[in-house]
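Biologist: Could you walk me through this one? I'd like to start from the inside and work outwards.

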Amino acid sequence: MIAFYPLGENAVLAEFGTSINETVHKKVRAAARILDNHKQQWMIEYIPAFTTIAVYYDPMKCYAEIKGGNLLPYQFVCQTLQTLWSGLNPEKMSQSRTVDIPVCYGGEFGPDLAYVAKINGLTEEEVVQIHSSREYVVYMIGFSPGFPYLGGMSEKIAAPRKKTPRLAVPARSVGIAGMQTGIYPLESPGGWQIIGRTPLELFRPQKSEPSLLKAGDRVRFKPISVEEYLKWEEIEDDDDFRTRASNDHSGLGPVRFPKIRHHHERSRGSLFPPPGQPSRRK
Amino acid sequence: MFGPAVKFHKQTLISICGADLSATIDNQPVPLFRPVLVNEGKELHFTVARKGMRAYLAVAGGFRIPKIMNSHSTSLITKIGGVGGRTLEAGDELLFNRPGALSRSIISALKPKLKGPFAAAGWSAWHSPYDKITKTLYVRVVKGRHFGLFSPESRNSFFHSPYIVTSRSDRMGCRLQGEPLRLTERQEIISEPVNDGTIQVSSDGNPIILLAERQTTGGYPKIAQVAAVDIPLIAQAKPGDRIRFVPVSHEEAQKLFIRREVALREIKWGIRLKYLDKQEDVPCIRWI
């Protein structure tokens with residue numbers, strides 16, 4: 001059952017479940033897919049979250065489609081969404097993307113790695129191993145532009161938030177808070193335990209899809225050395241490479257790094273060729 | 001509180017809406033909510049905030065600013081948009097685009113009146129929301145979807161005691177302080193989308209009203225939602241001002257919104273009728 005709630009005079013909040021899990025997540029994704037495929041001229045945008053989707057609409061444009069009766073735009077939008085989503089089939093989901101995120105763990109990039117290891121009775125290497133051996137689901141993007149809420153972290157490396165949040169967590173920091181892991185796209189205050197940093201930009205306002213990740217993506221963290229990290233940063237600053245990378249890319253949108261594959265294309269091979277060297281996988 | 005001084009290097013058609021920040025040109029007060037043709041080389045000064053705190057300065061043709069993510073606005077948090085993603089600084093120069101047909105027609109109508117520093121139209125647009133700006137703002141709200149999770153005392157205080165605007169307010173959120181609002185039992189709210197005017201209650205029990213530069217999702221309980229027609233009042237609330245919440249139904253709030261939209265369209269339509277000879281593309285309004 002889908003429950004509808006008003007969220008101001010220009011948005012509807014649809015709720016697909018009341019706890020965070022993959023079943024509800026799949027319903028949310030399936031509903032989002034239907035909105036992608038059935039563009040409504042009154043719809044402005046939608047925002048998917050853990051258990052909900054908000055659909056933002058233009059109330060005045062609804063009147064073009066309200067035929068007779070005294071329906072208010074809110075009621076009209078609820079009815080239309082109900083109809084659109086009546087055949088919701090979460091099982092019939094198309095493949096998701098897998099995005100590899102290089103992370104330089106520990107050291108000055110991950111000042112809290114030692115703490116996370118200590119409270120869990122592990123070595124730093126073990127924490128890195130556990131953190132980078134899982135595949136995570138992007139449940140939603142929120143908090144700050146491009147910030148992914150990732151599900152699926154091992155409880156073996158869970159760690160409480162810092163008692164006093166840092167005033168400035170550097171951009172691209174990878175952190176742990178309770179049972180969650182995430183990446184700060186921009187410098188912001190925050191209380192997460194910081195275990196590493198990625199050279200990838202997660203928020204690129206100049207792109208047609210500004211957020212590197214989107215809900216439903218799968219994410220894997222790949223440990224890299226400080227040297228590799230610095231090389232990646234050079235690439236980030238190299239506009240020629242940007243153009244090349246985006247030209248190289250067929251059908252997957254303006255993603256700068258050719259590290260995103262659809263599930264059905266998944267194969268074993270070099271996951272992370274150092275920049276400047278040709279990929280062994282073809 | 002003092003606003004900026006703006007120098008116009010050429011004759012420009014402008015309009016100032018929103019707060020009354022004592023706008024003057026050559027010490028003559030500039031009227032609000034109407035087109036004003038400013039003479040070349042004149043300086044527009046904003047000084048004392050008489051009513052509200054944010055004024056909007058529009059120029060015919062619009063500012064020539066790159067569009068980012070389909071928007072011209074500035075996001076200070078992400079440092080993008082507008083002029084380098086920052087607030088304007090003394091010495092910044094802003095260019096604007098060529099005025100459109102309607103603006104050109106208004107310019108021709110005002111030019112014969114332009115004897116002094118500026119010429120203003122003899123009429124003004126409807127601006128009743130701004131007439132309601134006082135030290136205590138009465139703001140209509142619809143109960144939020146977590147309203148029932150709050151204790152009976154908190155639900156009562158929300159509607160019966162004033163909340164003071166604090167100095168930690170910005171374009172992201174208007175942060176209020178007053179009778180603390182508590183949930184009946186402590187519980188985690190799953191992060192979900194928010195909207196302009198969403199009233200969240202942070203863990204210290206104080207409400208925050210989300211505004212134009214808000215985030216997309218939030219994990220605090222939503223006690224209420226400001227009726228869209230009253231959001232401009234919140235945007236004009238100064239630190240120290242008092243806000244009192246008045247309950248309305250969502251249906252009523254949506255009707256108020258539609259009435260305002262129709263009124264705005266009528267203004268647009270009226271201005272076009274006044275200044276454009278040929279009537280094309282006049283919007284057809286369906287009254288509800």
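Biologist: Which residues touch the most other members of the largest nonpolar core?

Modeller: Keep in mind that this is a predicted model. The largest nonpolar core has 45 residues. Domain 1 (5–62 + 97–125) and domain 2 (131–248) of chain B each give this core at least three residues. The members touching the most others are B:Phe158, B:Ile243 and B:Phe245.

Biologist: What does B:Phe245 touch, leaving out residues up to four places away in sequence?

Modeller: One of its partners is B:Phe158, itself among the residues that touch the most other core members. The full list is B:Val139, B:Val141, B:Phe158, B:Phe159, B:Tyr163, B:Leu176, B:Ile199 and B:Ile209.

Biologist: How many residues does the second, separate core have?

Modeller: Its members include A:Ile2 and A:Val55 from chain A, and B:Phe257 and B:Val262 from chain B. The count for this second core is 39 residues.

Biologist: Helix H5 of chain B next: how far apart are its end C-alpha atoms?

Modeller: H5 covers residues 250–275 of chain B, which makes 26 residues. At 1.5 Å a residue the helix should span 38 Å, so the model agrees with the expected value. The distance between the end C-alpha atoms is 38 Å.

Biologist: And what do the buried residues of H5(B) pack against?

Modeller: Those buried residues include B:Phe257 and B:Val262, both also listed in the second core. In chain B, the buried residues pack against helix H1 (101–110) and strand S9 (136–143). On the chain A side, the partners are strand S1 (3–6), S4, helix H2 (59–62) and helix H3 (73–84).

Biologist: What area is buried between chain A and chain B?

Modeller: The contact involves 37 residues of chain A and 33 residues of chain B. A:Glu9, A:Met60 and A:Tyr63 supply 26% of what chain A buries there, more than any other three residues. Carbon and sulfur atoms give 66% of the buried area, which comes to about 2800 Å².

Biologist: Is A:Thr51 buried or exposed?

Modeller: A:Thr51 sits in the loop between strand S3 (43–48) and strand S4 (52–57) of chain A. Its contacts include A:Phe16, A:Ile20 and A:Val24, plus B:Ile190 from chain B. Its relative accessibility is 3%, and the cut-off is under 20%, so A:Thr51 counts as buried.

Biologist: Last one: what share of the residues of chain A count as buried?

Modeller: Chain A has seven helices and 14 strands. Its accessible surface is about 13200 Å², with 51% belonging to carbon and sulfur atoms. Of its 282 residues, the share that counts as buried is 54%.

Key. Residues numbered from 1 in each chain as written. Chains lettered and ligands numbered in written order. Predicted model: local features only at pLDDT ≥ 70, side-chain atom pairs only at ≥ 80, totals over all residues. Heavy atoms only, no water. Helix = DSSP H or I, 4+ residues; strand = E, 2+ residues; numbered from the N terminus. Buried < 20%, exposed > 50% of the residue type's maximum accessible area, 1.4 Å probe, protein only. Contact = heavy atoms within 4.5 Å. Expected span 1.5 Å × (residues − 1). Areas by Shrake-Rupley, 256 points an atom, 1.4 Å probe, with all protein chains shown as cover. Core = buried A, V, L, I, M, F, W, Y, C linked by side-chain atoms within 4.5 Å. Domains from an automatic or database assignment. Buried area = accessible area lost by both parts, 1.4 Å probe.
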